[in-house]
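Biologist: I'd like to learn how to read this one with you, from the whole chain down to single helix contacts. Where do we start?

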Amino acid sequence: MAVTTSSASAQSERQALVKACVSRDWSKAIRILNSLLSQACTVQDICNRAFCYSKLELHKHVIKDCEKALELDPYNIQIYILKGHALAALGKGYDALQTWKQAYASVLDQSVDLKQLLELQDLLANSKDDSSVVSDGQIAESPKDPPSSMTSSSNSTCKSPVKTVEREKPLQRENAVASQLTQKTRSISLDLRLSRGIAQVNDGNYDQAIAIFNQILRDNPSSSEALIGRGTAYAFQRKLDIAIADFSKAILSNPTTGEAWKRRGQARAALGESLEAVKDLTKALEFDPNSSDILHERGMVFFKSKDYIDAVADLDTCVRLDKDNKSAYSYMGLALVSVGEYKRAFEAHEKALQLDPNFKEGWCHMAQSYQELAEAEKAVECLQRALSIDRRFVNAYRLLGLLKHGLGDHKGAIRELSAGLEFDKLNLECLYLRASSHHAIGEYANAMKDYDAVVNMDIDSQEKFVLQCLAFYQRELALYAASRANVNYKWFNLDDDIHPMFKEAWCKRLHPKGVCEVVVRQPPLRESLKKGRVKQQDFIMTKPKKLLLETADRIGKKIQYYCPGFLHNKRQHRMAGLAAIEVAQKVSSTWQALRKTLISRSKSEAKGGKRSKKKERNNVISENRGGVCCSTSSSSDTSSSCNCHEEKSSSERFTLSWEDVYAIAVKWRQVSEPCDPVVWVNKLSEEFNTGFGSHTPMILGQAKIVRYHPNFDRAFAITKNLMLERKEVYNAANNLVDLSNPAKLEAIEAARSCCDLFGTVNEDFWIVTPCYSTAFEGKSLEGTRLTMQKKGENGFDFSIRTPCTRPRWAEYEAEMAAAWEALCEAYCGEVYGSTDIGRLEKVQECILRLSFYWYNFMPLVRGTAAVGFIVLLGLLLAANIECIGNIPERLQVDWEAILSPELKTFMQAVQPWLSPSLKLDTSWQTLPNVSTTFVTTGSVIAALSSYD
């Protein structure tokens, strides 16, 4: 069995050797030959290695191998030929000639390869024709030339022109040979110096290599080989601009030098100049179309510039030419995940790791793909495998920290990120992620240190600049949270306390300069911590806390989407459970007060008659419409509204508006993950007028967004149907584009892809979905904007965008107020407190109605989906109904609402699985009050951060 395995391995290496030679990858060929020679030393393999060394101009290695081979086979003509050429290249012409003569003499009486023997004769003949005998660049005296005295005596009586010419001929011939040999000597010297420079680059001695190439270029300023060598050394030193200048000079000197195009493409790619890099690498491929190395390099550039289709094409061609290229397989796996070809992606990842089980980067790439699909356990296994190979591998720690952060394990994330920072203290991504983790669990001093380190760091890429901007904003938010940590949770009010311009810049990830000129900065940490900090007693687990947290964990898990890309975040589950319970408790109190008011007034109505009854009933319900009298908004248009709270009785002061109800969940969502911009759009300043809102892509360039692409087919069909129905769309400037031409309508009907559909308009466009009102018969609200934008040559953004303009906001406020009123009326009437779930069907429908318009409204920059389902669970609980089932696999409740034109369609999609999952439950009423159990902001943060 061992022999068979060894034989198979050798056969595989032989195949790899052939491929390396075909692709001119001589260094790889030498490594393979070294492996083969370590297993069995054969003359042919030694000769092959000498040949590869000769291609790299490593002539001393050629001579060494040839001498070793001659010890084993002294009659092998090929060895003598190779050795002679190497000697000649080193300027040892005489030794080269002697080697070939020795070979000729030793093999004449042997059975040899006649073709090689003739080649040897040609070498000897050419050497004699050139200069008879050459020794280290000197001219030997020719025996064919007669002595000068003999020539003089024979021509003493007749001065013939011919004779004169004959006397001068030996001297002319000698000068010509000397000139020719001088040129050869210079050429050999240049080759030798180039070889030395290349060897220094290969050994990592870049300064010495540059010095050698500088000497060459002083004598030969246009030497493309020296320019490429020096440019390569500069590139390794990250002096990329200087390297590009050298490669450009080499191209000017010799435009057909494919190596110069390739090297310049690599340097431009390293600078992030993707378009220029692709052009250079494409030119290099013209000179070497089957170069797996260039295809791999260009595929990597395509991948990093998010041109995943071309990346897959290049990397796939690369592995066909070089089946042992593990890096190409691994990056092809990442690219295939981005375009949604998951099966092929993991086949590529597995192939990379079959080629090299110790390929740590490959394990990390596979982990990234698993994490993209939210397969956390498999991702962790891959990352642990990478760290078992190299415990100093910082990227593995970074990915582990990112994964644990996504799972809600912020303390675990801090441990992993800190381990990685032990080996790379200036890793910006690790510092930023650790800062946000400290921030989330209330460790503000540590968060400030990491945020400051990120903000003050020198950066070299756009991605790092974005993180640096976010670190600035989140540093300010951490200071705000610190100042509220030990005060009552009700005083934590991000939307009203933080300047609108600051929030806008945070949401848009803008440079902080403009913000700093307008917005007053938060006080320093020391001053903030004087007001309060998360105290140790906040983490002490009391019986009421334990009971609430156990119930919250059970309820909160029901918000989980069982779709690719959605990690099971235990912190978010707990947040959702606590928020749902608080919603239930506060809504229940409101409904109880309303019920008492209704009963009280119904008695007085019996005395006052029917007219009075109708008037009073409308007055009670109107207090719950969620209009300006009850709004939590502090905007100027609501501040002048009537102060109706002063006129209410004590029981009515607990009345909530629809916005108050959702604000409970919004605040919990803000505290649970403070680095997510979960803010009300109407609390942003001028952006509210220009339509800033949420943006959710299904396709981004060429990437199929794993979370939302499952909704693509349905959204694409709706877009087509609306275009055919309305025969017009809006362009990016919000101007109408006419589509009534029959040919265009046929093209729309036939469209099967984003490219097809975009081609019918030939510019970026959007079309709005309808959302039919329930409160106002015949009225259609503006739903979401299905938007298509061209990105690059082969990419498109296809997304839903929901701008919140003032008119749209006003329409949805009215719709939400009516839906909230209908819910209050449905529950506070005859079915109040019912223990018959069948009688609560109308209440369930009213809750779904409120949720439907909330999802279509989308009033938050981020977090609308989670907040919507949390409130749905809380309202059901307030009606003594608990949802015990999970959301079905591959179903996203918010998308069902967004892509449904009317409430009926949404309910038909949701009720078949929701209704059987509901059960009557009044046990939640015995739970401790959330607001009085977790009084301070610090205690809320502690509750979300305690999992022991």
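Modeller: With the overall make-up. This is a predicted model, and its protein chain comes to 45 helices and eleven strands.

Biologist: How many residues does the protein chain have, and what share of them is buried?

Modeller: There are 948 residues, and 51% of them are buried. The accessible surface adds up to about 45,200 Å², with carbon and sulfur atoms holding 50% of that area.

Biologist: What about contacts between parts that lie apart in sequence?

Modeller: Take the contacts with a separation of 6 or more: in this chain, 65% of them join residues 24 or more positions apart.

Biologist: Okay, helix pairs now. How do I read a crossing angle?

Modeller: Angles under 35 degrees count as roughly parallel, and those over 145 as roughly antiparallel. Try helix α3 (residues 43-55) and helix α5 (residues 77-89): their axes cross at roughly 20° and come within 11 Å. So α3 and α5 are roughly parallel to each other.

Biologist: And which residues of α3 and α5 make the contact?

Modeller: On the α3 side, V43, Q44, C47, A50 and F51; on the α5 side, Q78, I79 and L82. Sorted by class, that contact has six nonpolar residues, two polar ones and no charged ones. As for handedness, α3 passes α5 in a left-handed crossing.

Biologist: Can you show me another pair, to practise on?

Modeller: Sure, look at helix α13 (residues 258-270) and helix α14 (residues 274-287). Their axes come within 8 Å and cross at roughly 160°.

Biologist: That's over 145, so α13 and α14 are roughly antiparallel to each other. Is their crossing left-handed or right-handed?

Modeller: Left-handed. The α13 side of the contact consists of G258, W261, K262, R264, G265, Q266, R268 and A269, while α14 brings E276, A277, D280, L281, K283, A284 and F287. By class, the contact of α13 with α14 splits into six nonpolar, three polar and six charged residues.

Biologist: Last one: a single residue. Where is S437?

Modeller: S437 sits in helix α23 (residues 428-440).

Biologist: And why does S437 count as buried?

Modeller: The cut-off for buried is under 20% relative accessible area. S437 has 0% relative accessibility, so it counts as buried.

Biologist: What does S437 touch, leaving aside its neighbours within four places in sequence?

Modeller: With those neighbours set aside, S437 is in contact with H405, H410, A413 and I414.

How values were computed:
Residues numbered from 1 in each chain as written. Predicted model: local features only at pLDDT ≥ 70, side-chain atom pairs only at ≥ 80, totals over all residues. Heavy atoms only, no water. Axes fitted to C-alpha atoms, helices over the stretch in contact; angles between N-to-C directions. Helix = DSSP H or I, 4+ residues; strand = E, 2+ residues; numbered from the N terminus. Parallel < 35°, antiparallel > 145°, perpendicular 65-115°, else oblique. Left-handed = near helix turned anticlockwise from the far one by under 90°. Contact = heavy atoms within 4.5 Å. Nonpolar A, V, L, I, M, F, W, Y, C, P; charged D, E, K, R; others polar. Buried < 20%, exposed > 50% of the residue type's maximum accessible area, 1.4 Å probe, protein only. Areas by Shrake-Rupley, 256 points an atom, 1.4 Å probe, with all protein chains shown as cover.
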